[in-house]
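Please read the report below alongside the sequence and the 3D structure. It is meant for someone at the bench who wants the computed features set out with care.

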Amino acid sequence: MSDSPPLVAQLTAQMVRIESTNPGPAGEDLPGRREADISAFVLEWLRARGVSADRREFLSGRFNVSAVVPGAGPRRLLLDAHTDTVPTEGMAGDPFSGEIRDGRVIGRGACDDKGTLAAAMCALAGLVADGVQPPATIELLASGDEEGGFRGIRDWVVRGGRADGAIVGEASELQLIAAAKGAVRLKVRTHGNSVHTSVPELGVNAVTAMARVICGIEDELKPKLAACTHPLLGTPRLTVSMVHGGRRANIVPDFCEIDLDRRLLPAETRESALAEIDALLADLRSRHSDLSVERCEPYSYVIAPECPLDDPLLLAAAEALRAEGLPGEPRGVPYTTHASVLAEAGIPCITLGPGSIDQAHSPDEWVEISQLEAAVRLYRRLFETFGAPG
Ligand SMILES: [Zn+2]
């Protein structure tokens, strides 16, 4: 018989075969397996290997699993990996095959985030099997709803979850991610006066008013953002991502609405980003007396997490990476993860996981087995070094 795949690859494949599609931020009524089956599997797998674990329902039918290995000292290390996945639209073949081929595990969730979760589970089970007491208490959180509203990790924080450092297990190609951008999203509305398009001079056109606002954003606000930079993250970003306006082809529109997606640097806050938009709108109003524009309160906001470069977890991770022959230089990423929620709760966070973000959410999702095996070794090393008396 040929060599069978390593345990971490088999475990990743097993979990890919358990559908756990997130129904979306507002998709409570959509069908989907969510996190019930996968969390039951994770719980049972860990308990069968002598790891103390519990499951908590944070929303109806939706679960976090928490496994804890007590440490010798007072510190706590959290390793978070999520159990839910994005939907499977556009994927060729069976997205839940969990096929192992050409040194890869293939299928929805292989890279984001079941490979990482499998590596974390194997590392923790290995620690227990070898009878090693880690210097810090290790908590593995298999969280739900990462691809929706981050409600699993928020529940963990609200229920008093705490740690002296957190590894957010997400695909980073085993690079050390120390900073990420935050995001604030909001709507801006213009109001007009509807009349028949045969006499447009009697009305006020909300769509052409919005055109002024969009030009102001592109020509006046964005160049100012380009002047702010962060050593790991570059410049902030601002995108007009949606536009809706008008009622019929023969009516002057009285309403138009855009969605703005503003990516933040660690030094920026929701308030500072809103103040810039407000200043632009005030300036536009002063130049165009008929402009009726309102900026709405944001409907979503996450901070930009940044781990101090001398934080003990970051130093331990850099050391573990170098021991594995990998670069330990801290890097930044432009997307948001659970690190935003954990950093807001005051927990220093790094992001470190196997697989590439290029394969996450893609129609061709896979993770390299060699990355999974390296992740198991890295996590194990971190479990054994973080919190050790130095
Ligand atoms: Zn993910």
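The report takes up the metal site, then a group of strands, and lastly the empty spaces.

Throughout, it should be kept in mind that this is a predicted model.

**The zinc site**

The zinc ion is coordinated by H82 through NE2, by D112 through OD, and by E170 through two entries for OE, at 1.8 to 2.7 Å. Along the chain these donors follow the spacing H-x29-D-x57-E. The pair D112 and E170 links distant parts of the chain, since D112 belongs to helix α3 (residues 110-129), while E170 sits in the loop between β7 (165-168) and β8 (176-180), 58 residues apart from it. The angles among the 4 donor atoms run from 53 to 152 degrees, and the site is classed as irregular. Four donors would count as tetrahedral only if all angles lay between 85 and 135 degrees.

Are the two acidic residues buried or exposed? Burial is assigned under 20% relative accessible area. D112 has a relative accessible area of 6% and is therefore buried, and E170, at 8% relative accessibility, is likewise counted as buried.

**Strands around β6**

Strand β6 (residues 137-143) is mostly covered, with 7 of its 7 residues buried. The cover applies to both faces, with T137, E139, L141 and S143 buried on one side and I138, L140 and A142 buried on the other. Two strands that pair with β6 are β2, in the antiparallel sense, and β3, in the parallel sense. Between β2 and β6, S66 has L141 as its bridge partner, and A67 has L140. On the β3 pairing, L77 stands opposite I138 in β6.

Strand β2 is itself mostly covered, as 7 of its 8 residues are buried. Besides its pairing with β6, β2 pairs with β1, and in that pairing the bridge partner of E57 is F63 in β2. β1 and β2 form a hairpin with 2 residues between them, and in the turn G61 has a positive phi of about 75 degrees. The three pairings are set out below.

| Strands | Sense | Bridges |
|---|---|---|
| β1 (residues 52-59) and β2 | antiparallel | 7 bridges |
| β2 (residues 62-69) and β6 | antiparallel | 5 bridges |
| β3 (residues 76-82) and β6 | parallel | 7 bridges |

**Pocket and cavity**

Rolling a probe the size of a water molecule over the atoms shows where empty space is left. The largest pocket has a volume of about 640 Å³. It is lined by 23 residues, of which E146, G148, F150, R185 and T336 are the closest to its centre. The elements that give two or more residues to this lining are β9 (182-191) and β13 (300-302), and β13 gives the most, with 3 residues. By class, the lining of the largest pocket has 10 nonpolar, 6 polar and 7 charged residues.

How many cavities of 30 Å³ or more does the structure hold? The structure holds 1 such cavity, and the volume of the largest cavity is about 40 Å³. Its lining is made up of I177, A178, A179, A180, P305, A339, C349, I350 and T351. β8 and β15 (349-351) are the elements that give two or more residues to the lining of this cavity, and β8 gives the most, with 4 residues. The residues of the cavity lining divide into 8 nonpolar, 1 polar and no charged.

Terms used:
Residues numbered from 1 in each chain as written. Predicted model: local features only at pLDDT ≥ 70, side-chain atom pairs only at ≥ 80, totals over all residues. Heavy atoms only, no water. Donors = N, O, S within 2.8 Å, 3.2 Å for Na, K, Ca; no water. Tetrahedral: all angles 85-135°; square planar, octahedral: opposite > 155°, others 65-115°. Buried < 20%, exposed > 50% of the residue type's maximum accessible area, 1.4 Å probe, protein only. 1 Å grid on protein atoms, 1.4 Å probe; cavity = no way out; pocket = protein on both sides within 12 Å on 5 of 7 lines; lining within 4 Å. Points joined across faces, edges and corners; volume = space filled by probe spheres on them. Nonpolar A, V, L, I, M, F, W, Y, C, P; charged D, E, K, R; others polar. Pairing = 2+ DSSP bridges.
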